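Biologist: I would like to understand how the words used for this model are chosen. Please show it to me, and then I will ask my questions.

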Amino acid sequence: MTREEKSIAIENLTAQLAGTNIIYISDISGLNAETTSSLRRACFKAGIKLEVVKNTLLAKAMEASSNDYGDLPTVLSGNSAIFISDVANAPGKIIKDFRKKSDKPVLKGAYINSEVYIGDNQLDALATIKSKEELIGEIIGLLQSPAQRIISALQNKFAGSEEETEA
């Protein structure tokens, strides 16, 4: 790779990093072609961009980014692939699902909404993170619940008073 090509690759990675708050870094080396293809298809269906990257280029892109990746660049060794997503738990769920069949992909680390997670032991926690939409749905459900109880109580009260006036 020439110096110019590296510079362009760093610029492209920096732009990708700037456009998202959710990045998972994993090791997908050793997966056969069929499994890699299945992983890419699953990512595509989930709206996740999967890309194999050079560690040094990704580290420089992280350094050039306005985001603070903390210790995340320290996991950049060996083979690395990045999962870029709009949903915080989607890459974690896909990685966890693929781990049922093989020991890869191995989670190296993740950056989710300014929080840095290091290590494969974080996978279960990351896969169960609630998405923004799920949290909003739960809040709306909680807010609706008291109102629904009041409406139900009022309906029962009025239904009971109507029965009394009819008798």
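**Why these words?**

Biologist: Why is Lys 96 called partly exposed?

Modeller: Lys 96 has a relative accessible area of 33%. Buried means under 20%, exposed over 50% and partly exposed in between (1.4 Å probe, protein chains only). Since 33% falls between those two limits, Lys 96 counts as partly exposed. A word about the source: this is a predicted model, so local features need pLDDT of at least 70 and side-chain atom pairs count only at pLDDT 80 or more, while totals for chains, interfaces and linings use all residues. Residues are numbered from 1 along each chain as its sequence is written, and side-chain values use heavy atoms, leaving out hydrogens and water.

Biologist: What makes the contact of Lys 96 with Asp 124 a salt bridge?

Modeller: The N to O distance between the two side chains is 3.0 Å. A salt bridge asks for a side-chain nitrogen of Lys or Arg within 4 Å of a carboxyl oxygen of Asp or Glu, so this pair qualifies. Lys 96 lies in helix α4 (residues 90–99) and Asp 124 in helix α5 (residues 123–127), so the bridge ties together parts 28 residues apart in sequence. Asp 124, at 47% relative accessibility, is partly exposed.

Biologist: How do you know that Lys 100 and Asp 97 also form a salt bridge?

Modeller: Their side chains meet at 3.8 Å, N to O, and that is within the limit, so they count too. Lys 100 is exposed at 70%, whereas Asp 97 is partly exposed at 35%. Another pair is Glu 51 with Lys 49, at 3.6 Å. Here Glu 51 has 26% relative accessibility and Lys 49 has 41%, so both are partly exposed. The structure holds five salt bridges.

Biologist: Why is Lys 104 called buried?

Modeller: Its relative accessible area is 17%, which is under the limit for buried, so the word fits. Lys 104 sits in the loop between α4 and β4 (106–112). Its C-alpha is 7.8 Å from that of Gly 30, although the two residues are 74 apart in sequence.

Biologist: What makes the peptide bond from Lys 104 to Pro 105 stand out?

Modeller: That bond is cis, with omega near 0°. Pro 105 belongs to the loop between α4 and β4 as well.

Biologist: What is notable about phi in Ser 114?

Modeller: Phi of Ser 114 is positive, near 75°, and the residue is not a glycine. Asn 113, also not a glycine, has a positive phi of about 45°. Asn 113 is in the loop between β4 and β5 (115–118), and Ser 114 is in that loop too. Ser 114 is exposed because it reaches 53%, but Asn 113 is partly exposed at 47%.

Biologist: How many helices and strands are there?

Modeller: There are six helices and five strands, in the order α-β-α-β-α-β-α-β-β-α-α. They are DSSP runs numbered from the N terminus: helices (H or I) of at least four residues, strands (E) of at least two.

Biologist: How does the radius of gyration compare with that of a compact globule?

Modeller: The protein has 24 Å, but a compact globule of 167 residues would have a radius near 15 Å. The radius is taken over C-alpha atoms, and the globule rule is 2.2 Å times the number of residues to the power 0.38. The C-alpha trace spans about 90 × 35 × 25 Å along its principal axes, and buried residues make up 35% of the 167.
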